[in-house]
Amino acid sequence: MTQPFYVTTPIYYVNDVPHLGHAYTTIVADALARCHQMMGDDVRYLTGTDEHGQKIAEVAAKRGVTPQQHCDEVAPRFLDTWRELGLGFGDAAAAHGFRRDFIRTTEPRHTAVVRKLWEAIRARRPDDLYLATYQGWYCVGCEAFYTESQLKAGATAGEWLCTTHEKPVAWVDKETSYFFKLSAYAEPLLAHIEAHPEFIQPEQYRNEVVSFLKGGLKDLSVSRTSFTWGIPVPDDPAHPGEAARHVMYVWFDALTNYLSNLGDPFASPPTPAVATYWPSVVHVIGKDILRFHAVYWPAFLLAAGLPLPRTVLCHGWWSIGGRKISKSIPATRVYPTILAGDLAGASSVPATGVDALRYFLLRETPLGNDGDLIYEGLIERYNADLANDLGNLINRSLTMLVRFGGGGVGARDEARAATGPHAALATVAAAAIKDAQAAFTAFAPSRGLEAVWRLVREANTYIAATEPWTLAKDPAKKPELDHVLHTLAAALWWTRLAIAPVLPATALALDGWLGAGVAEKDARWPDAAAFGRDVPALTPTASTPLFPRIDAARTAELIGKWLPPEPTAAVAAPVEAAAAAPAPVAPLAPTIAYEDFAKIDLRVGLVIAAEPVPKAKKLLKLTVDLGEARHRTIVAGIAEAFTAAALPGQRVLVVANLAPRELRGVTSEGMILAAGDDAILALGTITAAAPPGTRVK
Ligand code: ME8
């Protein structure tokens, strides 16, 4: 029976263009959507942009544009990235067989529903929204209030840092605000979690939320008066004139996108899309925003008398070099379209570059765990699983079908199917398809892919065991050859279906070579009991290279290009960088002679240790190896862009013959090169592992 399956991603802040972390969530949700679509469900997919709030207002102000202008410029860059990654909207989505929506929180269809949600809470539970005075710490990066116990102490006295952004939080002093009575919802939420084990997944995150709830909840400030870029609070008859000063807290606004795109959840009779899809919703999110989705959002819904989402599916963080991939740390920004383009390399089907990235992200780390992006590991997996296992299977099988099959796929021999390697392949294939389906529907794509690859590898083993090229030499073995070819076609057909949720472009290419002509929207997950009996009419043709091997020279070239991971300005200039850059480029200094330049002794330095300089917000004290008998101490003004923990192991460029200088009581024996200033700062570095002390010219 057709079941609805509605999957959402977070709506992303438009303070930067999407990086690999955003792409990860968006791809996970897409793979789940495709999977459910293939299993016959009625699927709906939602992503979008989060456009209100202090953070966006500040970025726009820095750029000298209105917040709306800023959002109108940046939101399409998200759409473009998703399109480039094969996640099309409109007609393209129709080809995938399900509806994709992209919501922006500045759209009237959204703002109207948010105001209705506020009004519904006030009407049902008048005491749940009350006026009071707020004061406390606020992280603009998270758009969240924190208590000191949730923060960590900064380098200077009285300074507190947000643990996600590693940046100082701001003190909000006595602002009048509407509060939501969150404290009343700890018990109802604990009861809901207890009764619905599927509500928060995987389990480690359920446990985290349960212990957070058991600690008790504080009421939440849900409006702001110190800026205006938000949805106005609806009139409050109890306090005439008051509401006009308030805009809603951006999370109250943003979370509602999951409902607003479906229509009015309070309509009578119910809005069909709400009635159909809402009960099935799965919110895919990163662990940074678990509390908002598993505590605040369901509490708002309970207060408004609306049903809770079925599942909050939480994944871990991707990091690079041990640091979370993040907009706020320039050196960690990794751009998915660049990686996909490079992985496509010499493939005859360029879209398989995206598939390779999707495969790596979903296969490498079980959903829920953190993953460190190691480029060597990415290429190793590409070579082993895609170039070798899958690429070889496709290429060899099609070659044999074309050469020995006479334009067809042979014929199945029931008696033979139950014997030897034929039966072995059928058994592995059936188990793989069953396990993969169970894993994908249990939100474990890594396990699902591992199962699919059991089928791929067993099919390769089957070719080696049956040697169709030997059978072809002996006319008496024609019936056996026919059966082998048919079995190979069956394995390829299942491979085409089973890889489709994660490698859609590869599946389509394979479909074309097999001559199956099954539209993406019509492909269905195979019945595990039907191996060999469900092969459609096929007219195989030879394939062209899909996943050409990446050899050692190309590996070095790619890794050299990807490290350090900032993109070239032409590819995807981050909006934040654009925002902070002064309009004109600083004028050039007067020309110098080579002799002047040669006086500067630039060296490669290896950072051994780093620590904050007390009472100096911008300074870090580095211990740097320059290949000399003694390590040097260098004080650098980079603390707003880099944490001390991020630096050991990095190669930096050092002015090694600068006269020592005293900075805040520390003698600095050199200077490290960096571009930009304050928080938007990139270190001068080198792409190869040159030994410390190497001269830079
Ligand atoms: O939080 N690894 O938006 P955002 C994995 N607007 N995923 C990552 C990641 C990383 N290193 N970095 C980011 C917001 N993400 C709010 C959401 S929803 C109603 C409002 C992903 O632009 C991950 O999904 O900061 C994370 O939750 C999301 O991007 C945060 O995106």
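**View 1. Strands β8 and β10 are joined by two bridges and run antiparallel.** Welcome to the first close-up of this predicted model. To find your way along this pairing, start at F179, whose bridge partner in β10 is S221.

**View 2. An open sheet is formed by four strands in the order β5-β4-β8-β10.** The pairing in this sheet is antiparallel. At the edges stand β5 and β10 (220-221), and each has a single partner strand, so one side of each is left without a neighbour in the sheet. As a reminder while you look along the strands, side chains in a regular strand alternate between the two faces of the sheet.

**View 3. Strands β4 (residues 129-139) and β8 (residues 170-180) are linked by nine bridges.** These two strands run antiparallel. A handy landmark here is Y134, which has E175 in β8 as its bridge partner.

**View 4. A hairpin of β4 and β5 has four residues between its strands.** Three bridges connect β4 with β5 (residues 144-146), and the two strands run antiparallel. Look for C139, which stands opposite A144 in β5. Take a moment, too, for E143 in this hairpin, where phi is positive, near 50°.

**View 5. Y249 is in contact with residues from several parts of the sequence.** Leaving aside residues up to four places away in sequence, Y249 touches Y138, E143, A144, F145, L220, S221, V222, S223 and F292. You will recognise E143 from the hairpin of β4 and β5, and A144 as the residue opposite C139. S221 has also appeared already, as the bridge partner of F179.

**View 6. The largest nonpolar core has 190 residues.** Within this core, the residues that touch the most other members are F180, Y249, W278, F300 and W453. Helix α19 (residues 478-499) gives the most to this core, contributing 13 residues. Another core, of 19 residues, lies apart from it, and V624, L647, V654 and L683 are among its members.

**View 7. Helix α12 (residues 336-344) is largely enclosed by the rest of the structure, because seven of its nine residues are buried.** If you would like to pick out the buried positions in α12, they are P336, I338, L339, A340, D342, L343 and A344. Just after the helix comes G345, with a positive phi near 40°.

Conventions. Residues are numbered from 1 along each chain as its sequence is written. This is a predicted model: local features need pLDDT of at least 70, side-chain atom pairs count only at pLDDT 80 or more; totals for chains, interfaces and linings use all residues. Side-chain values use heavy atoms; hydrogens and water are left out. Two strands pair if DSSP finds at least two bridges between them. Buried means under 20% relative accessible area, exposed over 50%, partly exposed in between (1.4 Å probe, protein chains only). A nonpolar core is a set of buried Ala, Val, Leu, Ile, Met, Phe, Trp, Tyr and Cys residues joined through side-chain atoms within 4.5 Å. Contact means heavy atoms within 4.5 Å.
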